[in-house]
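Got the viewer open and the cartoon switched on? Let's walk through this one stop at a time, selecting as we go.

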Amino acid sequence: TIRCQSTSTDGPKTRNLLDNASNLLTNFLSGGSLGSMPVAEGAVSDLFGRPLFLALYDWFLEHGSVYKLAFGPKAFVVVSDPIVARHILRENAFSYDKGVLADILEPIMGKGLIPADLDTWKPRRRVIAPGFHALYLESMVKVFTNCSGRTISKFEELLERECLQGGEAIELNLEAEFSSLALDIIGLGVFNYDFGSVTKESPIIKAVYGTLFEAEHRSTFYVPYWKFPLARWLVPRQRKFQKDLKDINDCLDGLIRNAKETRQETDVEKLQQRDYSNLKDASLLRFLVDMRGADVDDCQLRDDLMTMLIAGHETTAAVLTWAVFLLAQNPSKMKKAQAEIDTVLGQGRPTFDSLKKLEFIRLIVVESLRLFPQPPLLIRRSLKSDSLPGGHKGKKDGYAIPAGTDIFVSVYNLHRSPYFWDKPHEFEPERFLAQRNSEGIEGWAGFDPSRSPGALYPNEIISDFAFLPFGGGPRKCVGDQFALMESTVALAMLLQKFDVELKGPPESVEQVTGATIHTKNGLWCRVKKRSDVH
Ligand code: HEM
């Protein structure tokens, strides 16, 4: 039975997306406190053929860093300013929930951390966050190298076969390959389950992709028809979705049962000091089950695992996809990256310590996240009325917003804002070494690495919310370091062995979005052995 994950969506607490949008519209029409905000009157045709976040960028340049977007019955406030983003995500974070995003994700993630309401979220976050401790992350580097090694071996075998037939390069959809790699890593890291998707297809892998596909469909489809009574039985794609969910949930239930049967209860501190080099199962599930005092029903645990499976899979695959897309167009940066890899690793594999020396690879990863943030928009809904601060190029005294206002914090706009970045659309990983606040904006502290001492990667603290690839404030991503190290390892191991070129022109790689920015038809590349390494 598929119990908990769907019941909450039908409950009285859940507000229908359209109800809410019309509340908001009423506010606008009645000249509510949003009255003085610039308005982007979107025509639906503006959206045809391109993702929403790109249209929001054009309107940001036209209307400023806080504007409202009225689209038929839907209306949103769009924020592209670090001071206002900081207020919503950190300073006044508990006045907001996930709004429309929770409506879409609850049927899949139930009460998992991402869609969870504040009361459910608080105790779960306290339990889950300590699971990503230093020794866990260090032990995960082996998982990253082992899984990336499988991908590399697969490419080498394919290439060898190709060479026997006189060819020198293989054509691969690297986006699909990165997706398999990230799925294998998240399965092992979060619940010690080897999907083995780099080398095979299985019903459970198909179910994971089916679920992701449905999440994307729901995030881009205008009318939430899946909420209509009987839709889950009558609409074929909804029937398939329910079956996919059941398959994944059965698999997770089995893993939870198994972990509970072998439970060794102990305190958090002791768990964090275990000898991870000798642990057979270093997974997060093991940690969550063994933790004393963290008794939780299986349903909640399953929602948490499902959330991390989805949150940590396509996001990382997308980072690698766009990093390669950018590098393939900048061969000199690719060579610079390979030179660093040769110096630091030679022919060896990355380790936790060598990651610290792979500075340029780390900067490529963050620059890829700057240009292609995953997700490009953070979604919030105000639980009570609030006063937004005045932002850069905004109204000095800010705007008052009523309860129930739907908000997009556009990370994409922030990351490409001409007010905070030199040549904002250019791929320039080195920019993070030389970043500065050229305008001295009041209320924004500029870029300063000393605010986050010891951080391996630039973050929202260093940039005072001009760069926030993992969000910020209490609901910041729990898996940020996991994902950054995973991407660094995978990218380093790929470039250590291969040169990569795009198969077609860059313009043919079209962008589409659901939760992440991905390609329309795959990232087709020509992959060949590096010519400068023998
Ligand atoms: C939340 C990005 C990888 C688990 C978030 C948020 C962002 C994000 C932007 C904040 C969402 C919001 O404020 O609305 C990313 C990116 C990743 C990545 C870009 C890869 C490059 C991961 C991984 C995991 C993970 C590997 C788990 C292993 C989560 C969870 C939350 C979250 C559980 C919700 C946190 C909370 O509300 O307390 N992620 N993420 N993410 N992420 Fe990630």
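Which residue in E13 is the bridge partner of Asp499? Select Asp499, look across to E13, and you land on Lys528. Keep in mind throughout that this is a predicted model.

**Stop 1: the sheet around that pair**

Now widen the selection to strand E13, residues 524–529, and strand E10, which run antiparallel and are joined by five bridges. Add E5 and you have an open sheet of three strands, in the order E5-E13-E10, with antiparallel pairing. Strands E5 (169–173) and E10 (498–502) stand at the edges with a single partner strand each, so one side of each has no neighbour in the sheet. Look along the sheet and you can follow its twist, which averages 30° from one strand to the next.

**Stop 2: the helices on the sheet**

Show helix H8, residues 174–191, next. H8 packs on the sheet, touching E5 and E13, and its direction makes about 65° with that of E5. Then bring in helix H15, residues 314–328, which lies across E10 and E13 and runs at about 85° to E10.

With both helices on screen, how do H8 and H15 pack against each other, and at what angle? The angle is about 145°, and their axes are 8 Å apart. The crossing of H8 and H15 is right-handed. For the side chains, select Leu174, Glu175, Phe178, Ser179 and Ala182 in H8. They meet Glu314, Thr316, Ala317, Leu320, Thr321 and Val324 in H15. Colour this contact by class and you get six nonpolar, three polar and two charged residues.

**Stop 3: the ligand**

Stay with H15 and select the ligand. H15 supplies at least two residues of the shell around it, as do helix H14 (298–311) and helix H21 (480–497). In total, 22 residues surround the ligand. The closest are Gly312, Gly471, Cys477, Gly479 and Ala483, so label those five if you want landmarks. By class, the shell has 13 nonpolar, seven polar and two charged residues.

**Stop 4: the loop before H21**

From H21, step back into the loop between H21 and helix H20 (431–434), and pick out Ala466. Is Ala466 buried or exposed? Count the other C-beta atoms within 10 Å: there are 27, so Ala466 is buried. Leaving aside neighbours within four places in sequence, Ala466 is in contact with Pro82, Leu414 and Phe420. Put a distance label from Ala466 to Phe420: their C-alpha atoms are separated by 7.1 Å, and the two residues are 46 apart along the chain.

**Stop 5: a buried strand**

Select strand E6, residues 377–382. Six of its six residues are buried, so E6 is largely enclosed by the rest of the structure. Turn on the side chains: Leu377, Ile379 and Arg381 point one way, while Leu378, Arg380 and Ser382 point the other way.

E6 has partners to show as well. Strand E9 (residues 406–410) pairs with E6 in the antiparallel sense over five bridges, and in E9 you will find Val409 opposite Leu378. Strand E4, residues 96–97, also runs antiparallel to E6, joined by two bridges. Here Asp97 stands opposite Arg381.

**Stop 6: a buried helix**

Move on to helix H5, residues 100–109. Ten of the ten residues in H5 are buried, so this helix too is largely enclosed by the rest of the structure. The buried residues include Asp103 and Glu106, as well as Val100, Leu101 and Ile104. Just after H5, click on Gly110, which takes a positive phi of about 55°.

**Stop 7: a partly exposed residue**

Go to helix H7, residues 134–164, and select Glu138. Glu138 has 17 C-beta neighbours inside 10 Å, so it counts as partly exposed. Beyond neighbours within four places in sequence, Glu138 is in contact with Tyr276 and Phe352. From Glu138 to Phe352 is 5.8 Å, C-alpha to C-alpha, with their positions 214 residues apart in sequence.

**Last stop: zoom out**

Show the whole chain again. The secondary structure comes to 21 helices and 13 strands, and buried residues make up 46% of the 534 residues. Among contacts between residues at least 6 apart in sequence, 76% join residues at least 24 apart.

Methods
Residues are numbered from 1 along each chain as its sequence is written. This is a predicted model: local features need pLDDT of at least 70, side-chain atom pairs count only at pLDDT 80 or more; totals for chains, interfaces and linings use all residues. Two strands pair if DSSP finds at least two bridges between them. Helices (H or I, at least four residues) and strands (E, at least two) are DSSP runs, numbered from the N terminus. Axes are lines fitted to C-alpha atoms, for helices over the stretch in contact, and angles run from 0 to 180 degrees between N-to-C directions. Two residues are in contact if their C-beta atoms, placed from the backbone, lie within 7 Å. A residue is near a molecule or strand if its C-beta atom, placed from the backbone, lies within 6 Å of it. Ala, Val, Leu, Ile, Met, Phe, Trp, Tyr, Cys and Pro count as nonpolar, Asp, Glu, Lys and Arg as charged, and the others, Gly among them, as polar. A crossing is left-handed if the near helix is turned anticlockwise from the far one by less than a right angle, and right-handed if clockwise. A residue is buried if 20 or more other C-beta atoms lie within 10 Å of its own, exposed if 12 or fewer, and partly exposed in between; C-beta atoms are placed from the backbone.
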